[in-house]
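Subject: Structure handover

Hello,

I am passing a structure on to you. Please open it first, then read the notes underneath.

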Amino acid sequence: MNGSALIAFAASVSAMLPGGVQADRNADEGRAPFIGLEGPATDACPGIGRIALFEAKKGDFMRVYTDANEVAPVKDKLPLSTLVWLCEADEGWQGIVYPMPDNQDLGDCRVSAALPTPEPYNGPCQYGWVEAKYIELVAG
């Protein structure tokens with residue numbers, strides 16, 4: 001294998017996640033939370049939560065980050081009481097999936113059915129990471 005072929009092969013291997021699932025490497029979107037982690041007998045995202053447990057101030061929103069840490073870029077802001085799907089958890093962070101408010105509902109996100117194996121969320125709704133302490137469990 002020549003040098004350029006080896007580099008291309010290494011890049012394709014490094015872009016793969018467990019189970020051979022291709023990762024979405026769009027830097028603007030960030031790390032997609034995994035769905036289907038609780039097995040094929042459970043919904044892909046097993047819970048629904050509400051952005052609820054912080055003291056909202058005028059114009060204040062829950063910041064949605066591109067990864068599970070507070071130094072990651074903010075990709076979105078959700079108002080208090082927004083309903084979100086609860087997917088992968090990472091220590092004090094919660095991976096969420098949520099609809100675009102203008103043209104989607106929570107049911108449009110395609111995470112309420114079981115998956116045979118875990119995979120990173122790949123649409124059609126938005127996803128990101130919030131601090132878990134600000135989520136109130138609604139169902140799940």
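Below is what was found, starting with confidence and layout and then moving to side chains.

Confidence

This is a predicted model. The average pLDDT of the protein chain is 80. Of its residues, 76% reach at least 70. Take care with residues 1-26, where pLDDT stays under 50. For that stretch the model has 21 contacts beyond four places in sequence.

Layout

The protein chain has one helix and 11 strands. The order, read from the N terminus, is α-β-β-β-β-β-β-β-β-β-β-β. There are 140 residues in the protein chain, and 36% of them are buried. Now take the contacts between residues at least 6 apart in sequence: 68% of these join residues at least 24 apart.

Salt bridges

Five salt bridges were counted. Which residues are linked in a network of them? They are Arg31, Asp67, Glu88 and Asp90.

Start with Arg31 and Glu88. Their closest N and O atoms are 3.6 Å apart. Arg31 sits in the loop between strand 2 (21-22) and strand 3 (34-35). Glu88 belongs to strand 7 (residues 83-90). The two are 57 residues apart, so this salt bridge links distant parts of the chain.

Arg31 also forms a salt bridge with Asp90, and here the closest N and O atoms are 2.9 Å apart. Asp90 lies in strand 7 while Arg31 is in the loop between strand 2 and strand 3, so the pair ties together parts 59 residues apart in sequence.

How do these three rate for burial? Arg31 has 29% relative accessibility, so it counts as partly exposed. Asp90, at 26%, also counts as partly exposed. Glu88 is buried, because its relative accessible area is 13%, and the cut-off for buried is under 20%.

Another salt bridge joins the side chains of Lys133 and Glu131, at 3.9 Å from N to O. Lys133 is exposed, with 54% relative accessibility.

Nonpolar cores

How many residues are in the largest nonpolar core? It has 15. Those with the most contacts inside it are Ile35, Trp85, Val97, Cys109, Val111 and Tyr121. Look at Ile35 in particular. Beyond its neighbours within four places in sequence, Ile35 is in contact with Ala44, Cys45, Cys87, Val111, Leu115, Pro118, Glu119 and Tyr121. A second core is separate and has 11 residues, among them Ile51, Phe54, Val64 and Leu86.

Aromatic pairs

Two aromatic pairs were counted. One is Tyr65 with Trp93. The ring centres of Tyr65 and Trp93 are 5.4 Å apart and the planes stand at 90°, so this pair is edge-to-face. Tyr65 is in strand 5 (residues 62-65) and Trp93 is in strand 8 (residues 93-98), so parts 28 residues apart in sequence are tied together. Both Tyr65 and Trp93 are buried.

The other is Tyr121 with Tyr127. Their ring centres are 6.1 Å apart and their planes are at 75°, so this pair is edge-to-face too. Tyr121 counts as buried at 3% relative accessibility. Tyr127 counts as buried at 4%. Tyr127 has a further partner: Lys75 lies over the face of its ring, 4.2 Å from the ring centre.

Val84

One last residue to look at is Val84, in strand 7. Is Val84 buried or exposed? Val84 is buried, with a relative accessible area of 0%. What does Val84 touch, not counting residues up to four places away in sequence? The list is Gly47, Ile48, Gly49, Ile51, Leu78, Ile96, Val97, Tyr98, Leu106 and Ile135. Val84 and Gly95 are 11 residues apart along the chain, and their C-alpha atoms are separated by 9.6 Å.

In short

Keep three things in mind as you browse. Residues 1-26 have pLDDT under 50. Arg31, Asp67, Glu88 and Asp90 share a salt-bridge network. The largest nonpolar core has 15 residues, and Ile35 and Tyr121 are among those with the most contacts inside it.

Best wishes

How values were computed:
Residues numbered from 1 in each chain as written. Heavy atoms only, no water. pLDDT = per-residue confidence, 0-100. Contact = heavy atoms within 4.5 Å. Salt bridge = Lys/Arg side-chain N within 4 Å of Asp/Glu carboxyl O. Helix = DSSP H or I, 4+ residues; strand = E, 2+ residues; numbered from the N terminus. Buried < 20%, exposed > 50% of the residue type's maximum accessible area, 1.4 Å probe, protein only. Core = buried A, V, L, I, M, F, W, Y, C linked by side-chain atoms within 4.5 Å. Phe/Tyr/Trp six-rings, centres within 6.5 Å; stacked < 30°, edge-to-face > 60°. Lys NZ or Arg CZ within 6 Å of the ring centre and 35° of its normal.
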